[in-house]
Structure formats: C-alpha cells, structure tokens
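Dear colleague,

Please find below the structure that I am handing over to you. I would be grateful if you could look through it before reading my notes.

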Amino acid sequence: MRYVDIDELRLRDGWLEEAEAATRAVVQNGAVPGERDQIWRDVKAKLADLLHDKCWFCETPIPRSDNAVDHFRPKGRVSDAKQEHSGYRWLAFERGNFRYACTYCNSRRIDVEHGTSGGKADRFPLVDEAARVYEVDVTTLDFSDLLRTVRKEQPEILDPCDLEDWKLLGCQRENGHPCPTSSDKSVVDRVQKSIEVYHLNHEPTCKQRHREAVMLLEAVREAKAAFLRIDDTNPDTKADFRGIAKRIQRMINRKAPYSGEMIFLLRGQRSPDHPWIRQLLEL
Ligand SMILES: [Zn+2]
C-alpha cells in the first residue's frame, strides 16, 4: 500500500456542480446513488493515474476493471454497523470517498482452492463502533465539506488516503503473505482486519508479491557484495554497484507493484556497513 493524495485528483469543468446536484437529489429527494453512477465512472481514469494504474489497497496493476471505483464508506448498506445502516449515501458523489480498487479488494470473492475469502463490498469496520454515523441532518449539511460529517469515525481498515496507514502493512519475505510492520496491538488488529476485508492474503496475489520480494532481496544481496567491492581506483566497481542500486530503487518506486511492502523488506536490510540502503529509502 502507498499513500495517495486524493486532493491531486483533477476534475473537469462542472464535475463538482454535478456531484453536488446528485448528492442533493439523494439526500433531499431519496434518489438512488447508483442511478447516477456516471459521475464516479467519469473520474475512474483519473483515479487510476494517481497510483500508476495500480489498486490503491494491494498495489496490483489493474489492466481493466468495470467496478474499479470503490466507495471507502459504502454508499449502500454497511454490514459492519451494529444497527441497520442504509449506507453513507451523502458521500456517494464525494471525491474524498473514492478509492481505486481491483476486483479482489473491492468485491466479495471466495477462493475455495486456497481457503481464503474477502473483498470489501459493503464492509466498513470502525475502531469504535459507538462513533458510527448513521444519518446526517440535511438542513445543516455543508455540501462543500461533506467529509466533516464523519471525522469522528476511525476506520479500522487501513486507508491509502491516510498519510500514515500505508506504513503499517508489510509482507513476509518467505511467502509474500501480508503482515503488520509493528507488533503494537492496535497496528496488528488493524492490519489483520484489513487483510480480511481487502482479501490481501488471496493466494495468487501473495505469489506475485513473493516474486517481487525474491527479486528485491536477490538484488540487495548483489548490491551489498558490489558495495564492498568498490575500489576508488577502479571506476567500474562503482558503476557496477550503481547499476544494481538503480534496479532496487525501481522496485521501491511508487510506480512498482507492491512497492510499499518492498520498502518494508528493504528497511529490514539496513545495516551500518550499508548506508546506501538508508539513502535509497530516503529518496
Ligand atoms: Zn487490490
């Protein structure tokens, strides 16, 4: 997972006005959000651009998908809510509620062969269920700042649009399975819940993540050896090292698949003998 700054989303002329009119139709006249789905479909390609056509939750490249715009707070029902919840309908056209997602993160799927299941669908668990917002007062609603209505809610699942959340998700070098980056209980709980809700342990995805991890760690081994061979009187030795360091940099660059997890693995390789690893991570 990587941080995505959703404020970077560039909208065409008139989009905000259409979104506000659609929100008014939903909250004031009871219209169904899905009837105006063109409004969020309209920004799908621009959302994809923000993370180089990768899913914002799992960082798998998405070649094509129909339902790639996820509503972080579900617009229909919310299955994690303690009482019946008819969805955060007033956020159906709010750009700050959009996430770009692959089919496995976004839709409920069961992988019978490997015994995993998940997919966000209508899920939205909170750290403190008592803070859940069920309805909004339409008469006092500020249409220019709709997210204000939910700021007391703390999502239990990791949010790629939060500055810190992405740093909490890592993966195991031996099999590509997702894992927390800290043993802090609140982190472990949130990561486990995210693995379940986004189906991050979907075996084919773990396999791809593992492949990247193997390539990364192989390159790190090569780079460490090349670094120790650097001989100031022989420029070739420096060039050899730099070539491998560049490859590693590409694997942790935000364009690369699973780059957040690769950053976590590279962090684990830091040592006083290899200051270049810290320098790559700071780039
Ligand atoms: Zn995904």
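The notes below cover the domains and then the metal site.

Please bear in mind that this is a predicted model. The domain assignment divides the protein into domain 1, residues 6–160, and domain 2, residues 205–282. Taken over C-alpha atoms, the centres of domain 1 and domain 2 are 36 Å apart. Domain 1 contributes 8 residues to the contact, and domain 2 contributes 10.

Between them, domain 1 and domain 2 bury about 670 Å², and 44% of this area is on carbon and sulfur atoms. On the side of domain 1 that touches domain 2, there are 4 nonpolar, 2 polar and 2 charged residues. What, then, is found across the interface of domain 1 and domain 2 in terms of polar contact? There are 7 residue pairs in polar contact across this interface, both residues of each being at pLDDT 80 or more. The count of salt bridges between domain 1 and domain 2, by contrast, is 0.

The second topic is the zinc ion. Its protein donors are the SG atoms of Cys55, Cys58, Cys102 and Cys105, which lie 2.3 Å from the zinc ion. Along the chain, these donors follow the spacing C-x2-C-x43-C-x2-C. The arrangement of the 4 donor atoms around the zinc ion is tetrahedral because they subtend angles of 107 to 115°. For four tetrahedral donors, the ideal angle at a metal is 109.5 degrees.

With kind regards

Methods: Residues numbered from 1 in each chain as written. Predicted model: local features only at pLDDT ≥ 70, side-chain atom pairs only at ≥ 80, totals over all residues. Heavy atoms only, no water. Domains from an automatic or database assignment. Contact = heavy atoms within 4.5 Å. Buried area = accessible area lost by both parts, 1.4 Å probe. Salt bridge = Lys/Arg side-chain N within 4 Å of Asp/Glu carboxyl O. Polar contact = N/O pair within 3.5 Å; in protein donor to acceptor, adjacent residues only side chain to side chain. Nonpolar A, V, L, I, M, F, W, Y, C, P; charged D, E, K, R; others polar. Donors = N, O, S within 2.8 Å, 3.2 Å for Na, K, Ca; no water. Tetrahedral: all angles 85-135°; square planar, octahedral: opposite > 155°, others 65-115°.
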